[in-house]
Amino acid sequence: MNSLLIYNNNISPDFVSDFKAVMGEAFSFSITNQSLSNENFTFDKFTTEFLLQNLNKKKYDAIFLPFSLAEENYLEFSGISLGYHIRLTKEFCNKSTPIIFFGYEDLYTINKLSSKGQIFFTKNIYVTNEQSIVNFQKKVLEINCENEFELRKHFLDRIDIKPSVNHTSHHSISNEWAIQRWANALSLDSVKIKSITENVGSSLYYKYLLAKYPINTTQNPINFQLKNKGNILFVDDELEKGWEEIFAKISNVLPKESVSFIGNEFKGEDPKIIEELVIGRVIQFKADVIVLDLRLHEIDFVEGTSIEDITGYKVLQQIKKINKGIQVIIFSATNKIWNLQALQAAEADGFIIKESPENSVDENFTNQSIENIYKIIDLCLKRSFLKKIDTYISNINKLISRQKLNLEEYSDFISRTKSNLEVAFHLFYNLNDFKYKNYGYLQLFQVIEDFIRLKNVFEEGNLSYVFCKEKKVLVLQNLDDKISGSKKFKSVICFNEHKHIYEIKDCESLRRPDTYYKISALLIFRYGITGIGKTNWNKINKNRNDVAHGEPNVIVSENDIIQIFDFLILILDKNKQNDRNINNLITESKKKENHKTTLADVNPALEELLKKMDKE
Amino acid sequence: MKILLLEDRPERQKKFISDKIKSWENIFISGQIFMPEVNDCKVIIEQINNYSFALNQTFKLLIVHRSALKSSGISHLSSICKEKKIKLIYFSGGISQTIYNSQDFEQINLNSTDFYSDLLIPFLQNFITNDSISVLEIFHTEWKISYMMLYRQLLRNLELTEEDYDLDSDRSYILRRIEKIENVIGKMKLEELHKSIQQKINYL
Amino acid sequence: MSQNNINESLSLSEKGDFMKKILEFSLSKNIDSKTKDRLFRLVSTEIDKPNYIEIDLINQIGEIRKEIESIKSNNSKNEKEETVNRLTHNPKFITNFLNEFRQNTALKYSTHLWDNTDFLESIESFYGKLEEEKRNKKFGYIFNYNRGLYNLLNYFLFTPKTETNDGIPKYGWDGLQEVKIGWQFPQDLIKKWAIENYNNQEKGNSKKPLEFPIPNSLKPTKRIKGREINYFEDVVNVFKTEIQFRGEENNLLNSIEYLTKKFNLNCENIAALNKLDFYTYTRGVINALGFIFEYFEKKNQSKRNVDIKVEQDISSITLCFTQIDSYPAKVLDLQNPNIFFSGDTNSVIKEIFSLCDYSIISKFNGGNFLQIDLLTDETQAELDGNNIKSVLSKFKVMEVDKEQVIGFTHKLKFYL
């Protein structure tokens, strides 16, 4: 006979010898105190190892198990637990072997005392109350040794294993689940082997999930690749569990220097230190895209913690403070919509949700999840251009805030500009839709137009002036014929048809000064630039016109955007003023303008009062 | 004080006592249970993990959240409990199988749902009055059934074991296990055992 | 002569002489001051150089040390060879040694669950500490006190001289032949496993040596003391009962119970032995008690009652086993007591040699109430191979109060 008996020290040794002599093999099951004292001890892991190390070498016709394998507390019913592990351990060759439980108890009793009794109502499970060799022999002959049976129909549908109460264990299981599914889809074998030795892989609930939602190895292997380039930083405190390998595979088309991982160094650190470590790496590595795990520290798992207190959330906020254009993809198992909304409000740029067991009911879910990962990373790589934009915006804001020009009008200009730039940023965010890009461009152009309306930049009237440093340069005189009503202007700059730019030359014009004229005049007389072609102003103006007039097929490029930003930096910087081109021209002395506005000018009464006080 | 209870996740306990606040607070009136606040609790746990924890009171029962301990803490508590004959209850959300052991000292590992059950408050009350009760009483209302079932398993296996007249005979060891049980629930024959167990089951 | 040459070619004394000669020469009147200076400088730099003097001295010290060591080991070898056929009664030494199993020593961790103690960092550091303690605690001396205990400890902790056949030892523990494994025997078995499963793993995932699964080829075919031997922890638990009467397991009481049943004796106050706990070589003690009870049965069939007394203080525990109302018929010659004590008590002595002091208390012919000390500090035993051939006891005799004597008493005094 080829049966197996699993027993403990309560079972008679003579009985065991007789069994070995007549019926097959016997193996003793006991848990050492040393194993029990390990902080990571779990019954599930111990049992899994026991089965795979000792009993996986051959297939038996039947396995005899007592209801209880505990030496002292019968009601633990550890024999029954072992039965579940036999059925659900994927790698165990005796998964379907008929199991014959023995003991005085009847099923009614067991079900009254414990919730583990469902197994007795599944196929290939038998019970006998008489512990004797003769009876055992009889039993083996009686049972129908149907070795393989449809596990799902005859077992999985009858039993129900409950998930762990512990939030941390639950997270571990979901985490491991996601890792295994994705590793399989990406054909990463080394990750699969890890799980068997880990605590999670041996947990009964996890095995149950695996059996219920088997990973379909025949599905088409994933063949995506990232299309865009950039620096990606992966932040996860459980990299070594398999995430590093998964993400390395996903980003494998990028050069090694463009991919960075951080997370193994978080162990034992405070949340504050973790935040610092991540930000440090973001800056040093010049990350364009960050895939950021939400929960990076134990404390993030405490039930009832609000999203704002979670380490990943705080890191997200800090990254966005550095540069709004850095793309942050939140990586999490959360399915709570209010958390996702909060993250979105904090400017997260994308989400990768870890697959959880419930999702895997749908066979295609895994492949779709992975496809989504590639897509979102690609999109964010493309969008990381916004980094540059944010830097420009930040620089411009600093520049214009630093400068002190005419008080009242200028501070309004500053706030309008900031607002325009912010809007431009949000418009550029929608990279994929060209019309938003174009609108963003217009928004930037708006700043130019706003700028030339400032009083001490370009004064428009019958006499139009350009201001440079403290000088006023007359560039245009209105020679309108009041009688005939025709418009006529005398200008100091003239449009050269060949070169397509304005040049210093007296001429008459019938056209009102438009933005193109004004900026050209500014470039020549305020910034001392003669070859204004270098400033790309023509291109900028053309782009603007094309977009504004709704020309078909016009899409501003990233280069165009950079051009206009560079241009803004040029014209908004008062230090770039250069008077080299204004020497020969009519200048009205700005004695009046030289006069700095004093309190006496603004509020003479107050000035008098102050003078009195000084005297006193 | 007789009982030391170390729970470093107060939210979980709050949930449990939400509908039994009065009876929960009652058990503390006797002054026999010491349950430090979260911060103090964490300090004690760190001391346990560092081997610097010393029991200066005459506790008879320690109840500790197992996941808070490292292997060093577990072994430190084991030596304390062994030396001073203190009983030990470990609970944790990650424990999927109850394990009881009384080799060096009485200890039981429980899932936290099984710990925070209807049995907890009565158990603590009982222990305060009579600290010789077994920690098994926290595991199941009918903990005696556990002994009885073990008893009959041993009786059957004693039958199957031949006498061999040696000092360390297998039979003598089974007999000793049986004696231990009889010290708790009294001597019974197999028939009697079957009846008692059946009776108890029917009234569960 | 160059500096280097001086160092290489001369010994210390030769150099000293040479320096002396130079100085003498330089002090003679014929030398001009310049040359004098040069010579003085030469000598002073040579003397200043720490190397050449120290190195030589150190070498010499080294040689001397080596000599001492070799003399020592020769002596001990000789000692062993000399005393290999002679044992000395020294229960205090044995008790002290066994008590090391509960101090913070590698010995302790050979029988306890492992934690984070520093010398348990790796299996090699544990073995190193064990070897160190073997030397420091003078394990080797036990060879001259009690062979049985020596063999047991040697097997469990170190490397016994036993052949192996395909890795399976020919012989096992004394009295427990089925147990054929120890910490370092068969060689490298546990070590290799521990390197892989203990050293090379993260603390949280590492497996301690007590979790070593006993390979099927080495598993005893039957249970040992009621337990299956599945893991090394099971072996350790058996060992613990071999060197200690343990309160939890009550192995002393259980053994006496067994003996009383076996020899059909009646012991009213056997409960006096309940939960007694002390270190000793339990197998030797139980064997001795077996002989004692056997003689109770043989000597006086009509007297079936045995009395047990336990006296305990800080430093010792004394067990008295008395066959009530039974007194020897043979005559005791106080001048030659050894004739009286032969065969019977010798068997007892052979088993408990160096484990406890042993005395007989009884009423002897002639109306003397005497206590005769059979095993005391000065007792020696002659060996034949590993077995005791004869006991050279001084047989101290003293009178005792007749009220105390209720029968023939065997008194065993254990040191704590």
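Which domains does the domain assignment give for chain B? Select chain B of this predicted model and colour residues 3-138 as domain 1 and residues 143-202 as domain 2, since those are the bounds that the assignment gives. With both domains displayed, place a marker at the centre of each, taken over C-alpha atoms, and the two markers will be separated by 30 Å.

**The nonpolar cores**

Next, bring chain A into view beside chain B and select A:Ile63, A:Phe64, B:Leu62 and B:Ile89, which are the residues with the most contacts inside the largest nonpolar core, a set of 85 residues. To this core helix α7 of chain B, residues 143-159, gives the largest share, with 8 residues. Apart from this core lies another, of 76 residues, and a selection of C:Ile190, C:Ala194, C:Phe212 and C:Phe245 will show some of the residues among them.

Return to B:Ile89 and show its surroundings: once neighbours within four places in sequence are left aside, B:Ile89 is in contact with B:Ile63, B:Ile108 and B:Leu110, and also with B:Val135 and B:Ile138.

**Where chain B touches chain A**

Now select the contact between these two chains, to which chain B and chain A bring 38 residues each. On the side of chain B that touches chain A, the elements that each supply at least two residues are α4 (71-84), β5 (99-101), α5 (112-115) and α7 of chain B. The largest share of that side, 9 residues, comes from α7(B). If you colour the side of chain B that touches chain A by residue class, you will find 20 polar, 12 nonpolar and 6 charged residues.

**Where chain A touches chain C**

Move to the contact of chain A with chain C, which takes 11 residues from chain A and 15 residues from chain C. Helix α2 of chain A, residues 33-36, gives the most to the side of chain A that touches chain C, namely 3 residues. Coloured by class, the side of chain A that touches chain C shows 9 polar residues, together with 1 nonpolar and 1 charged.

**Chain C and its open sheet**

Hide the other chains and keep chain C, where a cartoon view will show 14 helices and 14 strands. Of the 416 residues in chain C, 32% are buried. Among contacts in chain C with a separation of 6 or more, 64% are between residues 24 or more positions apart.

Within chain C, select the open sheet of 3 strands, whose order is β1-β11-β12 and whose pairing is antiparallel. Its edge strands, each of which pairs on one side only, are β1 (86-88) and β12 (387-392) of chain C. From one strand to the next the twist averages 30°. Look then at strand β11 of chain C, residues 380-384, which runs antiparallel to β12(C) and is joined to it by 5 bridges. To see how the two are set against each other, select C:Gln380, which stands opposite C:Leu392 in β12(C).

**The last stop: C:Leu416**

Finish by centring on C:Leu416, which is placed in the segment after β14 (407-415) of chain C. Is C:Leu416 buried or partly exposed? C:Leu416 counts as partly exposed because 16 C-beta neighbours lie inside 10 Å. Not counting residues up to four places away in sequence, C:Leu416 touches C:Thr95, C:Phe278, C:Ser315, C:Ser316 and C:Ile317. As a last distance to draw, take C:Leu416 to C:Asn287: they are 129 residues apart in sequence, and 20 Å apart in space from C-alpha to C-alpha.

Methods:
Residues are numbered from 1 along each chain as its sequence is written. Chains are lettered from A and ligands numbered from 1 in the order in which they are written. This is a predicted model: local features need pLDDT of at least 70, side-chain atom pairs count only at pLDDT 80 or more; totals for chains, interfaces and linings use all residues. A nonpolar core is a set of buried Ala, Val, Leu, Ile, Met, Phe, Trp, Tyr and Cys residues joined through C-beta atoms within 7 Å. A residue is buried if 20 or more other C-beta atoms lie within 10 Å of its own, exposed if 12 or fewer, and partly exposed in between; C-beta atoms are placed from the backbone. Helices (H or I, at least four residues) and strands (E, at least two) are DSSP runs, numbered from the N terminus. Two residues are in contact if their C-beta atoms, placed from the backbone, lie within 7 Å. Domain bounds come from an automatic or database domain assignment. Ala, Val, Leu, Ile, Met, Phe, Trp, Tyr, Cys and Pro count as nonpolar, Asp, Glu, Lys and Arg as charged, and the others, Gly among them, as polar. Two strands pair if DSSP finds at least two bridges between them. Axes are lines fitted to C-alpha atoms, for helices over the stretch in contact, and angles run from 0 to 180 degrees between N-to-C directions.
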